[in-house]
Amino acid sequence: MLAIQNALGPLFALILFGAVLGRIHYPGGDFWARAERLVYYVFFPALLVHTLARADISGVPLIRLAVVCLGATLAAALGLWLARRRVANDEAAFTSVFQGALRFNTYVAIAGAGALHGQAGIATAAVVIAVLVPTVNLLSVACFIGVGALGRTGLARSLFELLRNPLIVACIVGITLNATHIGLPGWSDPILALLGRPALPLGLIAVGVALRPAHLWRGSRALWMSSLVKLAVVPALAMGLAWFVGLDAVSRDVVLLFTGVSTATSAYILARQLGGDAELMAALITLQTAVAMLTLPLWLVLAG
């Protein structure tokens, strides 16, 4: 427990630091909105390409890892869809519930993997990102289509944005460089290493800045149901599948980090752009980020 607290504590401290900066509106203007875009489109993709291109994934159980990640995610998605009339009062709210239960905060998860297991954890986390990011994005778009929130124009735009998602592109590039044994020739290695360093600290602070405590007063059933699925049901499914297929300790911990962490802050933007319940989404991000500081270490202790 002490090792887990020492690994995750600094990450949550940076999120809280970001919450303080957001509360006092420092440094002001649209600084953090621009900083988050820089992390999302430049720093974090550089980190993923650098990690995947150089990673020795020969020891990563790719098939079993995919079975656990996809199994838990798809089971939760199916369960939510079948129970959609019970968990949300309207279709817009359900899309936010769906995103809140399935999306994950990549910055916290990969930072936690590195803090717990070093380069082996980061390499495994990069593989999980390559599996889950396209899957979760496709499921989210499918949810909007299923409830009829997207017209033809909205559908085309969403699919186009999915194809140019910087995390998906970075995963494809990194895996290709690794599989072809090209690696990172010349100066590309140190350049990407330098570009990737600000990704996690800036990303974690930006998570804190994006929190909106005022939205928690909403307190609807949808808010609590989505958070229950995200922070309890999905990691429980993942832990059960990890035990069933015999995942090693590093892979199991990384899977729990991705399935048990709070939802992604980018879900708010998608909810606002595609006709979801943006206010509910902001409340989900805030509540889950706060509660995950308690539940995520507990899942890792239980797994260990």
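**Cores, a Pocket and a Cavity in a Predicted Model**

Of the residues lining the second largest pocket, six are nonpolar, six are polar and three are charged. I begin there, and I should say at once that the model before us is predicted.

Let me stay with this pocket for a moment. Its volume is about 210 Å³, and 15 residues line it. Nearest the centre of the pocket lie Asp56, Gln119, Ala120, Ala123 and Thr124. Which elements give two or more residues to this lining? They are α2, residues 31-54, together with α6 and α12, the last of these covering residues 249-260. The greatest share comes from α6, which supplies four residues.

Helix α6 also leads us to the next topic, the nonpolar cores. The largest nonpolar core has 87 residues, and within it Phe44, Ile110 and Phe258 have the most contacts. Helix α6, running from residue 106 to residue 146, gives the most to this core, with 17 residues. Apart from the largest core lies another, made up of six residues, including Leu21, Trp32, Ala35 and Ala206.

What does Phe44 touch, once its neighbours within four places in sequence are left aside? Its contacts are Val39, Thr106, Tyr107, Ile110, Ile129, Leu167, Ala199 and Leu200. Please note that Ile110, one of these partners, was also named among the residues with the most contacts inside the largest core.

I turn now from the open pocket to enclosed space. The structure holds one cavity of 30 Å³ or more, and the largest cavity contains about 50 Å³ of space. Its lining consists of Ala72, Thr73, Ala76, Ala101, Leu102, Phe104, Leu132, Lys230, Val234, Phe258 and Thr259. The elements giving two or more residues to that lining are α3 (62-82), α5, α11 (221-245) and α12. Here α3 gives the most, with three residues. In character, the lining of the cavity divides into eight nonpolar residues, two polar and one charged.

Let us look at one residue of this lining, Thr73. Thr73 belongs to helix α3. Is Thr73 buried or exposed? Its relative accessible area is 5%, so Thr73 is buried. Beyond its neighbours within four places in sequence, Thr73 is in contact with Leu102, Leu132, Val136 and Leu139. Two of these, Leu102 and Leu132, also line the cavity.

Leu139 takes us on to Phe98, which touches it as well. Phe98 sits in helix α5, residues 91-102. Phe98 counts as buried because its relative accessibility is 4%. Not counting residues up to four places away in sequence, Phe98 touches Ala77, Leu80, Leu139, Ser140 and Cys143. For a sense of scale, consider Phe98 and Arg197, which stand 99 residues apart along the chain: their C-alpha atoms are separated by 32 Å.

Cys143 brings me to my last topic, the cysteines. A disulfide is a covalent bond between the sulfur atoms of two cysteines. How many disulfides does the count give? The count comes to zero. Take Cys69 as a case: the nearest cysteine sulfur, that of Cys171, is 12 Å away, and Cys69 is in no disulfide. The cut-off for a disulfide is a pair of sulfur atoms within 2.5 Å, which is why a separation such as this does not count. As to their surroundings, Cys69 has a relative accessibility of 1% and therefore counts as buried. Cys143 has a relative accessible area of 3%, so Cys143 is buried too.

How values were computed:
Residues are numbered from 1 along each chain as its sequence is written. This is a predicted model: local features need pLDDT of at least 70, side-chain atom pairs count only at pLDDT 80 or more; totals for chains, interfaces and linings use all residues. Side-chain values use heavy atoms; hydrogens and water are left out. A nonpolar core is a set of buried Ala, Val, Leu, Ile, Met, Phe, Trp, Tyr and Cys residues joined through side-chain atoms within 4.5 Å. Buried means under 20% relative accessible area, exposed over 50%, partly exposed in between (1.4 Å probe, protein chains only). Contact means heavy atoms within 4.5 Å. On a 1 Å grid over the protein atoms alone, a cavity is a set of points where a 1.4 Å probe fits but cannot get out, and a pocket is an open set with protein on both sides within 12 Å along at least five of seven lines; lining residues have an atom within 4 Å of a point. Grid points are joined across faces, edges and corners, and a volume is the space filled by probe spheres set on the points. Ala, Val, Leu, Ile, Met, Phe, Trp, Tyr, Cys and Pro count as nonpolar, Asp, Glu, Lys and Arg as charged, and the others, Gly among them, as polar.
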